[in-house]
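Please open the model in a viewer and keep the selection panel at hand. The stops below proceed from one selection to the next.

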Amino acid sequence: MAIILTVSPPSSRKTTKKLSIQGALCAFVLVVTLVFICILAWNSWNTHTAKLHEAQTSTSNMAKALAQHAEDTIGGIDNVLVGLVEMWEQNTRESTRLDRLNTYLQDRVADLPVLDSLSIYNEQGKSVADSWGTESKKIDVSDRAYFIFHREHVDRGPYIGPPVHSRYTGEWVITVSRRVEHANGSFAGVALAAINIQNFRSFYESFDIGELGSIALLNDGGTMLVRRPFDDALVGTDMKNGPVYQYYVRNGPVGTTVITSSLDNVERIYSYRHLDHYPLFVSVAFSNDEVLTDWREETIRFSLVSTIVIALLWILGLHLIRQIAKREHAQSELRAARDDLERINGELAALALEDGLTGLANRRRFDAALDEEYARAMRNETPLSLIMLDVDFFKKYNDEYGHPQGDECLKKISKTLKTASARPGDLVARYGGEEFAILLPGADTAGAVAVAERVRMAIQAINIVHAENVGGAVTISAGAASFIPFRKNNSPADLVLAADQALYEAKESGRNRVCASDSSKRQA
Ligand SMILES: Nc1nc2c(ncn2[C@@H]2O[C@H](COP(=O)(O)OP(=O)(O)OP(=O)(O)O)[C@@H](O)[C@H]2O)c(=O)[nH]1
């Protein structure tokens with residue numbers, strides 16, 4: 001027998017469910033990725049802001065410290081100048097005093113390493129006393145800005161001039177000077193302190209401001225006094241139009257801003273501070289690029305790690321999605337296979353209880369049905385009847401017409417048996433060979449005999465030619481038996497035996513007839 005297995009396609013509901021699980025997983029991975037990227041961006045932005053803020057705080061603190069340094073330096077020197085002016089004005093032109101003054105100047109310069117020289121010039125600009133000694137007597141400073149300023153201004157305050165090359169050493173110096181007056185208030189000369197800018201340079205070099213950072217000391221007129229990185233050409237440069245000076249002019253004595261330098265085009269975070277008592281201001285700057293170097297490297301590192309993590313997440317997610325898809329597919333195939341198997345099992349079970357030739361219940365099913373009905377009849381105390389039928393002279397039929405024809409004959413008889421015993425609870429079975437059984441639950445002997453008689457006549461009526469039989473057509477003999485199991489206290493086998501004995505009696509008494517196992521026999 002060929003069994004055709006058909007696999008049912010997965011239902012659309014399952015497909016939708018599968019898609020929704022995969023979609024949810026996809027959405028989850030996407031959300032995790034986006035959250036990850038947002039956290040990374042947020043963290044990066046925070047670090048960026050913190051780094052800039054940190055740099056601003058550092059430059060601001062440094063500007064304050066350097067302004068204080070300049071303040072203290074200039075202040076200390078100015079104090080010396082104040083004393084010097086006082087000493088000179090009170091002891092003018094006393095040669096003995098001049099010697100003492102020279103020594104005093106040399107001692108002060110020795111006390112203050114930041115000082116390059118201390119000197120006093122008369123109203124013609126000629127040196128009259130200085131820390132260098134006699135050689136300096138030839139020096140004439142009448143053309144210097146500080147000399148002209150004091151000659152033309154009665155202001156007694158300190159004057160900080162633009163950087164100049166020292167006429168003693170040729171080095172760049174920053175000059176701090178005060179006016180000296182005669183007793184009548186007329187101009188008597190200038191007391192001058194020269195600061196070698198190398199001192200400021202060395203001091204500024206000691207700070208860690210990176211490769212591209214800068215420190216500058218400017219006067220209020222925008223003239224560059226000292227700058228790190230040092231460039232000889234920049235000393236004394238007018239920076240009035242520079243962005244830092246312009247920002248200072250607009251925003252007051254203290255400030256921090258990001259500006260691209262007009263000198264080297266480097267973008268820097270600038271903090272500047274004006275000195276409290278002198279017309280100078282200091283600016284400190286860190287290169288934006290250098291400030292953000294660590295941040296940039298960290299961001300690149302984080303981004304790389306995050307990219308790897310996200311890639312792994314996606315690989316894992318896609319792998320999971322594929323696994324789920326495979327599992328869903330396998331499950332739907334399994335379900336389909338199980339359904340098919342159940343269906344086939346049902347068919348096989350039916351086939352296992354069916355007679356292959358006639359399609360009637362087979363012997364196994366008959367035995368099971370007999371036990372079942374027998375038990376029920378016992379419970380309900382109802383009668384159970386059995387008809388055993390046998391084709392008359394069937395051996396002769398086979399001999400005459402051949403075995404295949406005999407099969408056809410059995411099929412026709414089976415069909416007739418089925419239609420002739422039409423009650424729903426009746427079971428027609430092929431008992432074996434050319435012998436049949438009809439189980440009639442609820443039927444008593446009379447009913448069973450009636451059914452058997454009806455069947456016998458029906459088979460005779462289909463008139464299957466059987467030359468060797470009496471009447472020339474196929475006939476059957478039947479034996480009927482009926483029990484009420486409870487009362488009789490017998491077994492199913494007893495019912496079969498009783499029906500079989502009645503059948504034997506029918507055969508013995510001439511065939512083509514029905515016999516009952518009890519006294520109520522009837523002849524066809
Ligand atoms: N064609 C065919 N013959 C079968 C089948 N089963 C049993 N037979 C034959 O049925 C015949 C039964 O012969 P017997 O038992 O001698 O009985 P009978 O010839 O019918 O004689 P009585 O029963 O005494 O009337 C045997 O020849 C079996 O080979 C079947 O499935 N197909």
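Select E13 and strand E14 (residues 435-441): the two run antiparallel and are joined by five bridges. Strands are DSSP runs of E with at least two residues, helices are runs of H or I with at least four, and both are numbered from the N terminus. Two strands count as paired if DSSP finds at least two bridges between them. Within this pair, display Arg-430, which stands opposite Phe-436 in E14.

The model is a predicted one, in which local features need pLDDT of at least 70 and side-chain atom pairs count only at pLDDT 80 or more, while totals for chains, interfaces and linings use all residues. Residue numbers start from 1 along each chain as its sequence is written.

Next, extend the selection to the whole sheet. Its five strands follow the order E13-E14-E12-E15-E16, forming an open sheet with mixed pairing. At the edges are strand E13 (427-432) and strand E16 (514-516), each of which pairs on one side only. On average, neighbouring strands are turned by 20° against each other, direction ignored.

Now add the helices that lie across this sheet. Helix H8 (residues 363-380) lies across E12, E13 and E14, at about 130° to E13. Helix H13 (residues 492-508) lies across E12, strand E15 (476-483) and E16, at about 145° to E15. Axes here are lines fitted to C-alpha atoms, for helices over the stretch in contact, and angles between N-to-C directions run from 0 to 180 degrees. Contact means that the C-beta atoms of two residues, placed from the backbone, lie within 7 Å.

Which residues come nearest to the ligand? Of the 17 around it, select Asp-392, Phe-394, Lys-395, Gly-406 and Gly-433. Strand E12 (384-391), helix H9 (394-401) and helix H10 (403-420) are the elements that give two or more residues to this shell. A residue is near a molecule if its C-beta atom, placed from the backbone, lies within 6 Å of it.

Finally, move to strand E10 (residues 267-274), where six of the eight residues are buried, that is, with 20 or more other C-beta atoms within 10 Å of their own, all placed from the backbone. Strand E9 (residues 254-260) pairs with E10 in the antiparallel sense over seven bridges, and Thr-257 stands opposite Tyr-270. The hairpin between E9 and E10 has six intervening residues, and Asn-265 in its turn has a positive phi of about 60°. E10 is also joined by seven bridges to the antiparallel strand E11 (residues 280-287), with Ile-269 opposite Phe-286. Five residues link E10 to E11 in a hairpin.

Definitions and conventions:
Buried ≥ 20, exposed ≤ 12 C-beta atoms within 10 Å, placed from the backbone.
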